[in-house]
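Visitor: I would like to learn how to read a protein model. Please take me through a few features, one at a time.

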Amino acid sequence: MTGHESFCLTNITGTGKLWRFLLIMRLMPTKSLQVLGAGNFIIRHEPWFAGRGEEFVDLAKTAVLLHDIARFDEIRERFLGAKGPFDHSVAGGEKLRKIPLYSDVRITLPIKHHGHLIGDFYKDEEYCAIADPVLKEEVEKILFLIRDADKIANFNLMMYDQKMLVPLFVPYPEEVSDKRRRISAGVLEDFWRHQPVDRRKIRTRADEMLGYVSWIYDLNYGSSAAFCLRLNLVDMMFDVLQRFHDDSGLNGKMRRETGDFVRERFGFSPLPQS
């Protein structure tokens, strides 16, 4: 599972298996529409998309809407206790590749890698083999669009429907290997390096929550950060993070670090000004 995976699917066979499964199934249509809404906001406000033709914009919106087309398959496989990995990103790209209407590489490749670390995308043989620089850029920009919109939708679901927070995003206490109210050193190391937390380092519930916060470092568009500010998502996420660990001073330092990073990258902070 990658550093950009959402929902505690690794724990779907743990406590409350059926409850978690039903929550996820109920949530998926809502989440897909929220991803599309965030994607539409980015398309309207991001300079790169300005002046793009209607056909290209429709194609980009289609990729955003269909990005989780294989998520139900993944959830079913995990619920049934299937052994071995199931990558809904890869499965979704392959599924759409077989449907002529959606087989455009600007749809299939972004969907294939929307849940992966970005380095996996840049090493993809099909992507590397694209000779047309315009097409190659369009594939990349649509991938960025999906990844940003997906993050915003997850942030929004966590913050504005907090009954979903546990167990869909943060696991139950008995499901983590370290039950202390602390953030692990390896997770903090990733955070201070301005990179998404490596899920293999997660030990505590606070680690899990900080892993989501660290997705801020992976936003690609200034309009995405602006949308987070508009909904007050980053500030709220740090408030929620504080519920899972006891170091308020550290929480404040991380909050400021995130604001400084986004300000340096995009020219403004995603946190409300005091």
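The dialogue below covers ring pairs, charges over rings, packed helices and burial.

Guide: Keep in mind that this is a predicted model.

Visitor: How many aromatic pairs are there?

Guide: A pair of aromatic rings is described by how far apart the centres are and by the angle of the planes. In this structure the count is 14 aromatic pairs. One of them joins phenylalanine 121 and tyrosine 122, with 5.1 Å from centre to centre and 55 degrees between the planes, and it is tilted.

Visitor: What is the geometry of the pair of phenylalanine 121 and tyrosine 127?

Guide: The two ring centres are 4.3 Å apart and the planes stand at 40 degrees, so this pair is tilted. An angle from 30 to 60 degrees is what that word requires.

Visitor: Is phenylalanine 121 buried or exposed?

Guide: Phenylalanine 121 has a relative accessible area of 0%, so it is buried. Tyrosine 127 is at 9% relative accessibility and is therefore buried. Tyrosine 122 has a relative accessible area of 32%, so it counts as partly exposed. The cut-off for buried is under 20%.

Visitor: Which residues do ring pairs link into a cluster?

Guide: The cluster consists of Trp48, Phe49, Phe56, Phe144 and Tyr221.

Visitor: Which charged end sits over the ring of tryptophan 48?

Guide: That is arginine 52, whose charged end is 3.7 Å from the ring centre. Tyrosine 127 has lysine 136 over its face, at 5.0 Å from the ring centre.

Visitor: Now the helices. How do the axes of helix α2 and helix α5 cross?

Guide: Two packed helices are described by the angle between their axes and by the distance between those axes. Here α2 covers residues 54-65 and α5 covers residues 105-113; their axes come within 9 Å and cross at roughly 30 degrees. The two helices are therefore roughly parallel to each other, since angles under 35 degrees count that way. Their crossing is right-handed.

Visitor: Which residues in α2 and α5 meet?

Guide: From α2 there are Phe56, Leu59, Thr62 and Ala63, and from α5 there are Arg106, Ile107 and Ile111. Phe56 also belongs to the ring cluster.

Visitor: How many residues of helix α11 are buried?

Guide: In α11, residues 205-213, 9 of the 9 residues are buried, so the helix is largely enclosed by the rest of the structure. Among them are Arg205, Asp207, Glu208 and Tyr212.

Visitor: What covers the buried residues of α11?

Guide: The cover includes α8 (133-160), α9 (165-169), α10 (185-192), α13 (233-242) and α14 (248-266).

Notes: Residues numbered from 1 in each chain as written. Predicted model: local features only at pLDDT ≥ 70, side-chain atom pairs only at ≥ 80, totals over all residues. Heavy atoms only, no water. Phe/Tyr/Trp six-rings, centres within 6.5 Å; stacked < 30°, edge-to-face > 60°. Buried < 20%, exposed > 50% of the residue type's maximum accessible area, 1.4 Å probe, protein only. Lys NZ or Arg CZ within 6 Å of the ring centre and 35° of its normal. Axes fitted to C-alpha atoms, helices over the stretch in contact; angles between N-to-C directions. Helix = DSSP H or I, 4+ residues; strand = E, 2+ residues; numbered from the N terminus. Parallel < 35°, antiparallel > 145°, perpendicular 65-115°, else oblique. Left-handed = near helix turned anticlockwise from the far one by under 90°. Contact = heavy atoms within 4.5 Å.
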